[in-house]
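Thank you all for making the time this morning. I would like to walk you through one model, going slowly from helix packing to single residues, and I will take questions at the end.

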Amino acid sequence: MTGTRRSVAALFLLPALVLLGALVVYPIGYSLIRSFYDQSGDSFAGFDNYETLFTDDGIRTALKNNVIWVVFAPTVATALGLIFAVLTERIRWGTAFKLVVFMPMAISMLAAGIIFRLVYDQDPDKGVANAVWVGVHDTFAESSAFPKAHPGRDSPLKPAGGGAFITKQPVGAGTPVALPLVGVAPDLMPDDAKNAAVAEPEDGRVTGTTWQDFTRGKGVGKPGGVDAAELGYAGMKIEAVKDGEVVASTTAAGDGTFTLPAAADGALLRLPADNFKEPYNGLNWLGPSLVTPAIIGSYVWMWAGFAMVLIAAGLAGVPRELLEAARVDGANEWQVFRRVTVPLLAPVLAVVVVTLMINVLKVFDLVFIIAPGSSQDDANVLALELYRKGFASDQPGVASAIAVFLLLLVIPVMWFNVRRLRREVRR
């Protein structure tokens with residue numbers, strides 16, 4: 001009877017064992033053996049492929065980035081999950097908030113990568129991250145409205161170095177000055193720009209007009225003269241310079257007219273480079289220096305909801321009388337959170353952190369999709385380098401060594417997790 005039972009049990013286990021052997025044991029064993037052979041697979045290479053792991057620049061960069069991923073991604077995702085789980089217990093719409101935060105988990109890594117490739121686009125008109133960043137920047141630092149403006153032919157202005165322009169001749173009080181510029185399309189002029197006007201002369205003062213000396217249409221308008229359809233450079237900064245020092249400055253009105261005090265008599269008028277600097281275009285999120293933090297941010301967006309749900313489940317099992325007892329003893333909410341809630345949630349937090357650590361050691365999709373070709377070397381991780389060595393560079397021996405190395409990195413984390421689960425069962 002016992003033998004029959006064992007046979008039946010073996011029959012039930014056989015399909016699972018076959019699948020386990022075909023999909024797990026065999027690939028691991030083959031990768032281990034293949035890692036000791038050269039690229040052709042014919043000659044035994046010993047530990048040469050493993051030596052490459054620590055001498056190849058691409059693999060070393062990938063290893064460094066994996067360390068960054070393991071340290072920061074699980075920590076940030078778990079911290080956010082803890083904060084969300086604790087706060088949603090106290091708000092009316094906590095369930096709806098949890099649903100919104102957890103929703104990214106329903107999106108595949110491929111879809112998330114495409115989404116964040118657009119989010120991090122350099123163009124503020126396309127990329128949400130730069131649109132927000134540029135909006136905040138422009139709130140505190142005014143950007144130029146005339147980045148393409150420059151003097152036209154036969155202009156009284158000449159380059160002054162550094163992107164500024166200056167008059168060729170000194171100006172005099174009582175004689176209006178014309179400072180015509182071109183290069184800005186009428187529909188890109190500032191909203192407060194008005195039709196340009198000829199400045200009225202004033203005794204003892206220097207007056208003038210700076211305007212867009214261009215009217216659409218062939219043969220329309222007179223170069224160097226203010227025409228009715230042309231717009232003034234509203235907000236243009238003008239400086240009066242004598243002997244290399246600024247003696248007076250002003251800003252043009254909406255119609256381009258400006259007035260300088262008597263100190264400007266006999267000075268050269270300079271249009272500072274600030275008038276013409278390129279508008280702030282935000283951060284290069286996917287550039288060499290920010291690409292890894294940017295991709296980690298997308299990962300946290302996806303997995304913070306996972307951490308929140310597990311921690312919220314653990315929080316539901318925390319005895320409320322312990323929290324109330326701490327409050328009765330005079331502890332404030334921060335002390336209750338730090339000295340009671342977090343210690344009681346330590347087993348759950350350990351599960352979340354360990355799970356995310358195993359997950360980030362294998363991260364591939366987000367890095368492959370989000371990082372552009374120009375920055376992929378800087379964002380490289382071990383799983384991506386395994387793919388590149390195995391398929392793009394045709395180095396299966398090195399790729400197998402990376403796979404075995406990744407397995408060795410994951411085993412201690414899994415061992416820690418299994419030991420912790422066994423201790424929990426004994427309790």
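I will begin with a pair of helices, then turn to one helix and its cover, then to salt bridges, and finish with two individual residues.

Before anything else, please keep in mind that what you see is a predicted model.

Let us start with helix H3, residues 57-88, and helix H12, residues 382-392, whose axes come within 8 Å of one another and cross at roughly 155°. An angle over 145 degrees counts as roughly antiparallel, and H3 and H12 are therefore roughly antiparallel to each other. If you want to find the place where they meet, look on the H3 side for Gly58, Ile59, Ala62, Leu63 and Asn66, and on the H12 side for Leu382, Glu385 and Lys389. Sorted by class, this contact is made up of four nonpolar, two polar and two charged residues.

One of the charged residues deserves a longer look. Is glutamate 385, which is found in helix H12, buried or exposed? With a relative accessible area of 4%, and the cut-off for buried being under 20%, glutamate 385 is buried. Setting aside residues up to four places away in sequence, glutamate 385 touches Asp56, Gly58, Ile59, Ala62, Asn380 and Ile402.

Which residue meets the side chain of glutamate 385 in a salt bridge at 3.2 Å, N to O? The partner is lysine 389, and because the two are four residues apart in helix H12, about one helical turn separates them. Lysine 389 is buried, as glutamate 385 is. The arrangement also takes in a further residue, since salt bridges that share partners join Asp56, Glu385 and Lys389 into one network.

Staying with salt bridges for a moment, how many does a search of the whole structure find? The search finds nine, and I will describe two others besides the one between lysine 389 and glutamate 385.

The side chains of aspartate 57 and arginine 60 meet at 2.7 Å, N to O, and both residues lie in helix H3, three residues apart, which is about one turn of the helix. Aspartate 57 is exposed, its relative accessible area being 54%, while arginine 60, at 45% relative accessibility, counts as partly exposed.

The other pair is glutamate 239 with arginine 270, where the closest N and O atoms are 2.8 Å apart. This salt bridge links distant parts of the chain, with glutamate 239 in strand E5, residues 237-242, and arginine 270 in strand E8, residues 268-271, the two being 31 residues apart. Glutamate 239 is buried at a relative accessible area of 19%, whereas arginine 270, at 23% relative accessibility, counts as partly exposed.

Let me now move to helix H5, residues 109-119, in which Met109, Ala112, Gly113, Phe116 and Val119 are buried. Why do these buried residues fall on the same side of H5? They cover an arc of only 120° around the axis, and that puts them on the same side of the helix. On the other side of H5, Leu110 and Leu118 are exposed. As for what covers the buried residues of H5, the cover includes helix H6 (128-140), helix H7 (291-316), helix H10 (346-361) and helix H11 (365-370).

I will close with two single residues. Threonine 341 is found in helix H9, residues 333-344, and at 7% relative accessibility it counts as buried. Leaving out residues up to four places away in sequence, threonine 341 touches Leu315, Leu323 and Val336. If you would like a distance to check on the screen, the C-alpha atoms of threonine 341 and glutamate 324, which are 17 residues apart along the chain, are separated by 11 Å.

Isoleucine 68 brings us back to helix H3, and it is partly exposed, with a relative accessible area of 29%. Apart from its neighbours within four places in sequence, isoleucine 68 is in contact with Ala73, Thr292 and Ile296. Isoleucine 68 and glycine 314, on the other hand, are 28 Å apart in space, C-alpha to C-alpha, and 246 residues apart in sequence.

That is what I wanted to show, and I am happy to go back to any of these places on the screen.

Definitions and conventions: Residues numbered from 1 in each chain as written. Predicted model: local features only at pLDDT ≥ 70, side-chain atom pairs only at ≥ 80, totals over all residues. Heavy atoms only, no water. Axes fitted to C-alpha atoms, helices over the stretch in contact; angles between N-to-C directions. Parallel < 35°, antiparallel > 145°, perpendicular 65-115°, else oblique. Contact = heavy atoms within 4.5 Å. Nonpolar A, V, L, I, M, F, W, Y, C, P; charged D, E, K, R; others polar. Buried < 20%, exposed > 50% of the residue type's maximum accessible area, 1.4 Å probe, protein only. Arc of directions from axis to C-beta.
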